[in-house]
Each structure stands twice: as C-alpha cells, then as structure tokens.
Amino acid sequence: MADNPPAPSRIRALPSWLLGRAAARGRGLVADALARHDMRMWHHVVLAAVADLGPVAQADLGRAVALDPKDLVGVLNDLQAAGLVVRAPDPADRRKNAVGLTAEGERRLAECAEAGERANDELLAPLSAAERDQFLDMLRRIIGVR
C-alpha cells in the first residue's frame, strides 16, 4: 500500500504498530466515505452521540465524546449551519443549551452510518465472516469493551 510507510522489521512485528496502521487505514476509508456526504469524522461522532443522548446538554455531549468544549462549539456550529442539529435552552436548566437532531440530521446520520459500514467492510474485506467476528471480539477484549 503506497500510503503505508515501511518500518524496521522489529517495529513491523509489534501488535501496537500493526493496530496503528490498521486504524489509520480504517480512519482514511471512513473519512473518505463521510466526505462524500459532506461530513467529517468529528461531525459524524457528534451527530451519532446526539442521536443516542439527545436532546442533550451541550456540556454533557462534550464529555460523552471527549471533545474539548471550544472544539465542540465549532462542530456544533457547522452542524447547525447545515440544518442537522438544533440548540435550544435546556428545559432542565435554562442557562444551558440542549442539542437535538433535526429530521435532516437523522437522514444524514443514516446515510453516514451506511457509508461507514461500507468503508469498514472494505477494511475487513481480506477476512472471512468468521475471522471478522473473531477479530472484532479480540479487539473488544484488548480495549476492554463488550
């Protein structure tokens, strides 16, 4: 692969290096897929989190996705300008903003989810279905997620 720089043999054998290269390839495939829907990675992450949590206080959203508040504001500004989210006073605390999805945001999120799945299918194409299941199970164990 042209964008996969060579590494010394002792480095190429490290699981951490291999996982990093696989992650970089996956991020690239997903980023390209999302770009075809006028989305970037953080925009997709925030949109998906709003779908899961929303309407959600902006501060809680930032903590949920581990995004710096100033960076979150920029992402939310972009999403709101595109008509994908709305920010309104939080009914539980009028001093805070609550973020919710618009119908267009739900539609775009569904498109991006499908695009992301196709990109991940491309990433895992060299593996059989059984190998994919096993690989994903092993990754979940490595990172401590079930």
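This passage describes the sheet, a helix, the salt bridges and the largest pocket of a predicted model.

Three strands make up an open sheet, and their order is β1-β3-β2 with antiparallel pairing. The edge positions are held by β1 (56–57) and β2 (85–90), each of which pairs on one side only. The strand that pairs with β2 is β3 (residues 93–101); the two run antiparallel and are joined by six bridges. The connection between β2 and β3 is a hairpin of two residues. Along this pair, V85 lies opposite L101 of β3, V86 lies opposite G100 of β3, and P89 lies opposite N97 of β3. On the β1 side, two bridges link β1 to β3, and these strands also run antiparallel. In that pairing V56 of β1 stands opposite V99 of β3.

Among the helices, α7 covers residues 129–143 and contains 15 residues. The distance from its first C-alpha to its last is 21 Å, close to the 21 Å expected at 1.5 Å a residue. The residue that follows α7 is G144, and its phi is positive, near 75 degrees.

The whole structure was searched for salt bridges, and nine were found. One of them is formed by the side chains of K70 and D68, with an N to O distance of 3.4 Å. The two partners differ in exposure class: K70 has a relative accessible area of 60% and is exposed, whereas D68, with a relative accessible area of 36%, is partly exposed. The class of K70 follows because its 60% is over the 50% limit for an exposed residue. The value for D68 falls between the limits of 20% and 50%, and this residue is therefore classed as partly exposed.

Further salt bridges involve R107 in helix α6 (residues 103–123). R107 forms a salt bridge with E104, and the closest N and O atoms of this pair are 2.3 Å apart. These two residues are three places apart in α6, so about one helical turn separates them. R107 also forms a salt bridge with E111, where the closest N and O atoms are 1.9 Å apart. Here the partners are four residues apart in α6, and the separation is again about one helical turn. Salt bridges with shared partners connect E104, R107, R108 and E111 into one network. The spacing of such pairs has a geometric basis: an α-helix has 3.6 residues a turn, so residues three or four places apart point the same way. As for exposure, R107 is partly exposed at 39% relative accessibility. E104 is partly exposed at 29%, and E111 is partly exposed at 24%. The figure for E111 is not under 20%, the limit for a buried residue, so E111 is not counted as buried.

The space in the largest pocket is about 470 Å³. Its lining consists of 21 residues, and those closest to the centre of the pocket are A22, A23, L123, L124 and F135. Helices α2 (15–35), α6 and α7 each contribute at least two residues to this lining. The contribution of α2 is the greatest, at 10 residues. Classified by residue type, the lining of the largest pocket comprises 15 nonpolar, three polar and three charged residues. Helix α6 thus appears in two of the settings described: it holds the R107–E104 pair, and it supplies part of the pocket lining. Helix α7, which spans residues 129–143, likewise supplies at least two lining residues.

Definitions and conventions. Residues numbered from 1 in each chain as written. Predicted model: local features only at pLDDT ≥ 70, side-chain atom pairs only at ≥ 80, totals over all residues. Heavy atoms only, no water. Expected span 1.5 Å × (residues − 1). Pairing = 2+ DSSP bridges. Salt bridge = Lys/Arg side-chain N within 4 Å of Asp/Glu carboxyl O. Buried < 20%, exposed > 50% of the residue type's maximum accessible area, 1.4 Å probe, protein only. 1 Å grid on protein atoms, 1.4 Å probe; cavity = no way out; pocket = protein on both sides within 12 Å on 5 of 7 lines; lining within 4 Å. Points joined across faces, edges and corners; volume = space filled by probe spheres on them. Nonpolar A, V, L, I, M, F, W, Y, C, P; charged D, E, K, R; others polar.
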